[in-house]
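User: I should like to learn how to read the sheets and the ligand site of a protein model. Could you guide me through one case?

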Amino acid sequence: MIKLDKVSKVYNINKPNEFAALKNISFELPDNGMIFITGKSGSGKTTLLNLLGGLDSPTSGELCLDDKKIDLKKRKFADEYRRNYTGFVFQDFNLIEYETVFENVNIAARLLDKNADDVTDALKQVGLDKFAHSLAGNLSGGQKQRVAIARALIKYPKIILADEPVASLDPITAKQVMQDFVRINKEYKISILLNIHHVDLALKYCDRVIGIR
Ligand code: ADP
Ligand code: MG
């Protein structure tokens with residue numbers, strides 16, 4: 001389980017544009033659940049998610065996984081953490097638009113020594129196996145986000161971190177994507193931690209909300 005102890009993140013340290021994006025944040029994540037981070041634009045949600053995903057290090061304080069410091073300078077531990085423990089989903093999907101749906105998920109599968117059947121299984125989980133040979137660029141926003149979820153899911157990580165995953169979607173599609181997350185959480189006991197600025201949507205689906213100011 002992940003714990004943050006007095007975590008701060010300062011950008012551009014000792015420069016005229018120095019900026020403290022997070023100050024002294026401490027909390028403990030539950031072992032499993034739908035956990036939402038809410039807060040206004042600029043409050044530090046993306047910064048926090050990047051720290052949780054091992055994409056960036058705090059300026060001070062510690063993040064720990066099961067009481068072990070998440071130290072990105074320890075390459076083996078950092079690689080293991082990013083590769084097996086966490087999966088990432090982004091607001092703008094980050095798909096390769098000129099590749100097929102299958103290939104977009106297969107790129108992640110190859111890094112993990114998974115095969116074509118694993119890719120198809122992950123696509124089934126998000127209801128997109130029939131679109132495997134469509135070009136990612138031709139899909140709707142909701143379908144693209146589902147491909148991105150399948151790409152994160154193929155790792156079967158402990159936690160999927162999603163940065164505003166429904167912000168670019170219409171309300172109905174946003175709801176469907178949230179229901180995908182709920183199903184993945186229940187079925188595989190994968191925690192879902194997502195940044196969201198719609199408080200209503202957050203309260204509807206969350207087990208826990210962490211608000212940042
Ligand atoms: P949110 O996701 O809640 O909108 P962010 O974590 O993206 O917030 O940003 C928090 C604050 O940190 C913002 O004021 C933003 O301008 C600043 N910030 C984010 N990333 C950087 C960076 N790489 N360099 C400098 N400032 C940054
Ligand atoms: Mg953000």
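**Reading sheets and a ligand site**

Analyst: β4 and β5 run antiparallel and are joined by 2 bridges; strands (E, at least two residues) and helices (H or I, at least four) are DSSP runs numbered from the N terminus, and two strands pair if DSSP finds at least two bridges between them. This is a predicted model, in which local features need pLDDT of at least 70 and side-chain atom pairs count only at pLDDT 80 or more, while totals for chains, interfaces and linings use all residues. Residues are numbered from 1 along each chain as its sequence is written, chains are lettered from A and ligands numbered from 1 in the order in which they are written, and side-chain values use heavy atoms, with hydrogens and water left out.

User: Which residue is the bridge partner of Cys64 in β5, and which residue in the hairpin of β4 and β5 takes a positive phi?

Analyst: Cys64 has Lys69 as its bridge partner in β5. The hairpin has 2 residues between its strands, and Asp66 takes a positive phi near 50° there.

User: What is the order of the strands in the open sheet of 4 strands?

Analyst: Strands of a sheet pair through backbone hydrogen bonds, either parallel or antiparallel. Here the order is β2-β1-β4-β5, with antiparallel pairing. β2 and β5 (68–69) are the edge strands, each pairing on one side only. Within this sheet, β1 (residues 2–11) and β4 (residues 60–65) pair in the antiparallel sense over 5 bridges. Ser8 is matched with Ser60 in β4, and Ile2 with Leu65.

User: Which strands does α1 lie across?

Analyst: α1 lies across β1, β2 and β4, at about 125° to β1. Such angles run from 0 to 180 degrees between N-to-C directions, with axes fitted to C-alpha atoms, for helices over the stretch in contact; contact means heavy atoms within 4.5 Å.

User: How are the strands ordered in the open sheet of 5 strands?

Analyst: The order is β6-β7-β8-β3-β9, and the pairing is parallel. β6 (86–89) and β9 (208–211) stand at the edges with a single partner strand each, so one side of each has no neighbour in the sheet. On average, neighbouring strands of this sheet are turned by 20° against each other, direction ignored. β3 (residues 34–38) and β8 (residues 191–195) form a parallel pair over 4 bridges, in which Ile35 stands opposite Leu193 in β8. Helix α6 (residues 171–188) packs on the sheet and touches β3, β7 and β8, its direction making about 150° with that of β8. Helix α2 (residues 75–85) lies across β6 and β7 (159–163), at about 65° to β6.

User: Which residues surround ligand 1, and which elements each supply at least two of them?

Analyst: A residue is near a molecule if one of its heavy atoms lies within 4 Å of it. The residues around ligand 1 include Tyr11, Phe19, Lys40, Lys45 and Thr46. β2 (19–28) and α1 (45–52) each supply at least two residues of the shell, and α1 gives the largest share, 3 residues.

User: Which backbone atoms lie by an oxygen atom of ligand 1, and at what distance?

Analyst: A polar contact is a pair of N or O atoms within 3.5 Å. A backbone N or O atom of Gly42 lies 2.7 Å from an oxygen atom of ligand 1, and one of Gly44 lies 3.0 Å from an oxygen atom of the ligand. For Ser43, a polar backbone atom is 3.3 Å from a ligand oxygen atom. Taken alone, ligand 1 exposes 560 Å², of which the protein buries 62%; accessible areas come from the Shrake-Rupley method with a 1.4 Å probe.

Notes. A polar contact is a pair of N or O atoms within 3.5 Å; within protein, one must be able to donate a hydrogen and the other to accept it, and residues adjacent in sequence count only if both atoms are side-chain atoms.
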